[in-house]
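Here is a short tutorial on reading a pocket and a charged pair from a model. Keep the viewer open as you go.

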Amino acid sequence: MRESDVFGRLRGDVFAMVAPRIEDEGEALKLAARIHRILAEAPLDVEGESLSLGATLGIALGGPGANGADLVSDAANAMREAKRHQGRVRVAVRGHAENA
């Protein structure tokens, strides 16, 4: 994560990350790949058993005027799409960045 990013738990196994200044979908997908890589490289030791981690990521891109509720909704819809069409450890993107 970058210093400007904010990460937190929303509920249960649902987390959110706000990553300001993402320029486009490609940059968002690079960040998602980095998150997947970090999770894969950091197995958990639980009672002597090594468990690997994975995540399904839903990404919402928003430009000027985007509000938090819409971004959370878009990200949740993208996550459901990723699970439905691509399996458990995938990424889907909704919305768009509007940078001038």
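The dialogue below takes the pocket, then the charged pair.

Q: What volume does the largest pocket have?
A: Start with the general idea: rolling a probe the size of a water molecule over the atoms shows where empty space is left. This is a predicted model. Its largest pocket has a volume of about 1,500 Å³.

Q: Which residues are the closest to the centre of the largest pocket?
A: They are F15, A16, M17, L57 and G58, out of 44 lining residues.

Q: Which elements give two or more residues to that lining?
A: Three strands and two helices do: β1 (6-11), β2 (14-18), β5 (57-61), α1 (25-41) and α2 (68-86). The largest share, eight residues, comes from α2.

Q: How do the lining residues of the largest pocket divide into nonpolar, polar and charged?
A: The count is 28 nonpolar, seven polar and nine charged.

Q: How many salt bridges does the structure hold?
A: One. The side chains of R2 and D5 form it, at 2.8 Å from N to O. D5 lies in the segment before β1.

Q: Is D5 buried or exposed?
A: Check the relative accessible area against the cut-off: buried means under 20%. D5 has 7%, so D5 counts as buried. R2, at 32%, is partly exposed.

Q: What is D5 in contact with, leaving aside neighbours within four places in sequence?
A: The contacts of D5 are M17, V18, A19 and P20. M17 also appears among the residues closest to the centre of the largest pocket.

Technical notes
Residues are numbered from 1 along each chain as its sequence is written. This is a predicted model: local features need pLDDT of at least 70, side-chain atom pairs count only at pLDDT 80 or more; totals for chains, interfaces and linings use all residues. Side-chain values use heavy atoms; hydrogens and water are left out. On a 1 Å grid over the protein atoms alone, a cavity is a set of points where a 1.4 Å probe fits but cannot get out, and a pocket is an open set with protein on both sides within 12 Å along at least five of seven lines; lining residues have an atom within 4 Å of a point. Grid points are joined across faces, edges and corners, and a volume is the space filled by probe spheres set on the points. Helices (H or I, at least four residues) and strands (E, at least two) are DSSP runs, numbered from the N terminus. Ala, Val, Leu, Ile, Met, Phe, Trp, Tyr, Cys and Pro count as nonpolar, Asp, Glu, Lys and Arg as charged, and the others, Gly among them, as polar. Contact means heavy atoms within 4.5 Å. A salt bridge is a side-chain nitrogen of Lys or Arg within 4 Å of a carboxyl oxygen of Asp or Glu. Buried means under 20% relative accessible area, exposed over 50%, partly exposed in between (1.4 Å probe, protein chains only).
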